[in-house]
Amino acid sequence: MEQTLLELAYKAADDKRAEDIVVLDMKGVSLIADYFLICHGNSDKQVQAIARELKDTAEENGHTVRRLEGFDQARWILVDLGDVVAHVFHKDERGYYNLERLWGDASLVEVEQS
């Protein structure tokens, strides 16, 4: 069974011990992407490891990474995978930006782990 891009991204973040992984269904809310995956890490190194795993997993499965921003600072790394945009925060920044509240119109998505 081929995993969807969302499932691949979720697993990649989970594999690097990303915390509090939330997926928002952005269809009808934003033209940017179908889904936002939001998570955080507890250190610069972990944040970078999560983002790197997202990028590598997507590429290994034939998906194009459109943009990767904020990697060097490791405070908020945006990984644009097309239909899925991942926001990997440092734990100190996540509450400040509070994307879940900002995009409050979007519904939460449960991702099945296989």
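Start by selecting Asp 25: at 18% relative accessibility it counts as buried, because the cut-off for buried is under 20%. Keep in mind as you go that this is a predicted model. Asp 25 belongs to strand β1. Now show what surrounds it. Beyond its neighbours within four places in sequence, Asp 25 is in contact with Asp 34, Tyr 35, Ala 106, Ser 107 and Val 109. For a sense of distance, add Glu 93 to the selection: Asp 25 and Glu 93 are 68 residues apart along the chain, and their C-alpha atoms are separated by 22 Å.

Next, stay with β1 and bring in its partner. Select residues 19-25 for β1, then add β2; the two run antiparallel and are joined by 5 bridges. To look at one of these pairings, pick Val 22, whose bridge partner in β2 is Ile 38.

Now make β2 the centre of the view by selecting residues 35-41. How many of its residues are buried? The count is 7 of 7, leaving the strand mostly covered. In a regular strand, side chains alternate between the two faces of the sheet. Try colouring the two sides of β2 separately: Tyr 35, Leu 37, Cys 39 and Gly 41 lie on one side, with Phe 36, Ile 38 and His 40 on the other. Both faces are covered, and each of these residues is buried.

From β2, step across to another neighbour. Select residues 84-90, which form strand β5. In which sense do β2 and β5 pair? They are parallel, with 7 bridges between them. A handy spot to zoom in on is Tyr 35, with Val 84 as its bridge partner in β5. Tyr 35 may look familiar, as it was among the contacts of Asp 25.

Zoom out and switch to a cartoon of the whole chain. You should find 4 helices and 6 strands, and tracing from the N terminus gives the order α-β-β-α-β-β-β-α-α-β.

For the overall dimensions, the C-alpha atoms fill a box of roughly 35 × 30 × 25 Å along the principal axes. The radius of gyration is 13 Å, which agrees with the value near 13 Å for a compact globule of 114 residues. Turn on contacts: among those between residues at least 6 apart in sequence, 56% join residues at least 24 apart.

Finish with a surface view. Of the 114 residues, 46% count as buried. The chain exposes about 6500 Å², with carbon and sulfur atoms supplying 44% of it. Colour by charge last: there are 13 positive and 23 negative charges, and their mean positions are 5 Å apart.

Key:
Residues are numbered from 1 along each chain as its sequence is written. This is a predicted model: local features need pLDDT of at least 70, side-chain atom pairs count only at pLDDT 80 or more; totals for chains, interfaces and linings use all residues. Side-chain values use heavy atoms; hydrogens and water are left out. Buried means under 20% relative accessible area, exposed over 50%, partly exposed in between (1.4 Å probe, protein chains only). Two strands pair if DSSP finds at least two bridges between them. The radius of gyration is taken over C-alpha atoms; the globule rule is 2.2 Å times the number of residues to the power 0.38. Contact means heavy atoms within 4.5 Å. Accessible areas come from the Shrake-Rupley method with a 1.4 Å probe; for residues, only the protein chains shown count as cover. Lys and Arg count as positive and Asp and Glu as negative; His and the chain ends are not counted. The place of a charge is taken as NZ of Lys, CZ of Arg, CG of Asp or CD of Glu.
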